[in-house]
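The exercises below are meant to be worked with the sequence and the coordinates open side by side. Each task is followed by a solution that proceeds step by step.

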Amino acid sequence: MPPALTPDAIRAHSSARWIGTRIECLDTIDSTNSHVRSLGLEGAADGTVVTAEEQTAGRGRLGRSWVSPRGRNLYLSILLRSGLDASLLSQLSLTAGLAACEAVGEWCAATLKWPNDVLIGGRKVVGILAELEARDSDRFVVLGIGVNVNMSRAELPAELADKATSIAIECGREVDRAQVAGRLLTHLERRYDQLHRDGFAEIAAAWNRLSAMVGRQIRVDEPGGIVTGEVLGLAPDGALCLKREDGREHRVIAGDVTVLGGYDRVGSGE
Ligand code: BTN
């Protein structure tokens with residue numbers, strides 16, 4: 001087993017100033033998102049970070065679970081309080097995806113898939129779950145990030161073998177999880193401060209540059225049905241803009257996206 005994560009080891013690789021002022025590194029937890037939600041309700045400070053060596057009930061988007069084997073990957077949640085409301089939640093999670101893509105990019109060429117998956121060679125390496133807590137006057141967001149760091153191919157569940165990967169699989173060597181966590185916090189703070197200072201336009205432009213989707217044909221399973229079209233890019237409000245076959249534009253606000261024809265090895269440099 002690799003050394004357990006510690007606050008000092010993570011801070012040694014982070015230049016974030018307020019994200020991670022408090023870091024808790026847990027051993028086993030059901031879900032770091034659930035734990036941070038409890039800390040938030042108890043009044044914990046903006047930027048509090050929790051990691052775990054393993055999650056017994058890791059949660060993903062759309063009610064899915066998140067595979068969380070012990071000591072291999074990064075399971076991290078952050079409490080964010082400052083000036084957020086429900087309308088900013090999608091911008092915040094897109095911003096987090098961009099920051100995670102930039103962090104993983106320090107090891108391997110990585111790309112973004114809407115809304116906030118990070119891919120290497122077309123396979124998912126990071127997932128993000130942003131949850132808004134709005135109870136009476138207590139409003140905060142729990143930003144949960146799962147990074148497949150050192151999981152080997154053999155450790156991937158069979159149903160994920162074609163869809164998921166890890167930094168180690170792609171780099172061909174194991175990677176220091178504390179370093180990945182520290183770089184992640186650094187990029188997150190920079191992009192989050194930018195979102196609050198300058199708004200979403202610059203973030204959307206950077207997202208479009210790192211996206212593997214612009215110009216591709218996709219299918220979206222939306223709450224109202226299935227839509228296909230060519231991706232034009234991210235709109236300033238966070239919606240994904242498509243050109244449908246009849247030439248009309250369509251905005252995707254929520255849904256599950258499939259890139260038709262697959263990603264091949266987009267972004268892997270191969
Ligand atoms: C997705 O489905 O893509 C989102 C996955 C989010 C997983 C992370 S791991 C840390 C945090 N705790 C959770 O229970 N989920 C998030």
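**Exercise 1.** In what order do the strands of the open sheet of 7 strands follow one another, and what is its pairing?

*Solution.* Before starting, note that this is a predicted model, in which local features need pLDDT of at least 70 and side-chain atom pairs count only at pLDDT 80 or more, while totals for chains, interfaces and linings use all residues. Residues are numbered from 1 along each chain as its sequence is written, and side-chain values use heavy atoms, with hydrogens and water left out.

Step 1: take helices (H or I, at least four residues) and strands (E, at least two) as DSSP runs numbered from the N terminus, and let two strands pair if DSSP finds at least two bridges between them. Step 2: reading across the sheet then gives S1-S2-S3-S7-S6-S5-S4, with mixed pairing. Step 3: the edge strands, each pairing on one side only, are S1 and S4 (111–113), and the twist from one strand to the next averages 20 degrees. Step 4: at the S4 edge, 3 bridges join S4 to S5 (residues 117–120) in an antiparallel arrangement, and Thr111 has Leu119 in S5 as its bridge partner.

**Exercise 2.** Determine which strands H5 touches, and describe how H5 meets H6.

*Solution.* Step 1: with contact taken as heavy atoms within 4.5 Å, H5 packs on the 7-stranded sheet by touching S1, S2, S3 and S7 (138–147). Step 2: the direction of H5 makes about 30 degrees with that of S3, where axes are lines fitted to C-alpha atoms, for helices over the stretch in contact, and angles run from 0 to 180 degrees between N-to-C directions. Step 3: the axes of H5 and H6 (residues 201–210) come within 8 Å and cross at roughly 135 degrees. Step 4: the two helices are therefore oblique to each other, given that angles under 35 degrees count as roughly parallel, over 145 as roughly antiparallel, 65 to 115 as roughly perpendicular and the rest as oblique. Step 5: Arg191, Gln194 and Leu195 in H5 meet Glu202, Ile203 and Ala206 in H6.

**Exercise 3.** Classify the aromatic pair, and locate its two members.

*Solution.* Step 1: rings of Phe, Tyr and Trp (its six-membered ring) pair if their centres lie within 6.5 Å, and planes under 30 degrees apart count as stacked, over 60 as edge-to-face and the rest as tilted. Step 2: the structure holds 1 such pair, formed by Trp18 and Tyr192, which is tilted, with 5.5 Å centre to centre and 50 degrees between the planes. Step 3: Trp18 lies in the loop between H1 (7–11) and S1 (23–29), whereas Tyr192 belongs to H5 (residues 177–198), 174 residues apart. Step 4: both residues are buried, a term for under 20% relative accessible area, with exposed meaning over 50% and partly exposed in between (1.4 Å probe, protein chains only).

**Exercise 4.** Trace the sheet of 5 strands and its hairpins.

*Solution.* Step 1: this open sheet has the order S11-S10-S9-S8-S12 with antiparallel pairing, its edge strands being S11 (249–252) and S12 (256–259). Step 2: S9 (residues 225–234) and S10 (residues 240–243) are joined by 4 bridges, with Glu230 partnered by Lys243 and Leu234 standing opposite Leu240. Step 3: their hairpin has 5 residues between the strands, and in this hairpin Gly238 takes a positive phi near 100 degrees. Step 4: S10 and S11 also pair over 4 bridges, Cys241 stands opposite Arg251, and in their hairpin Gly247 takes a positive phi near 90 degrees.
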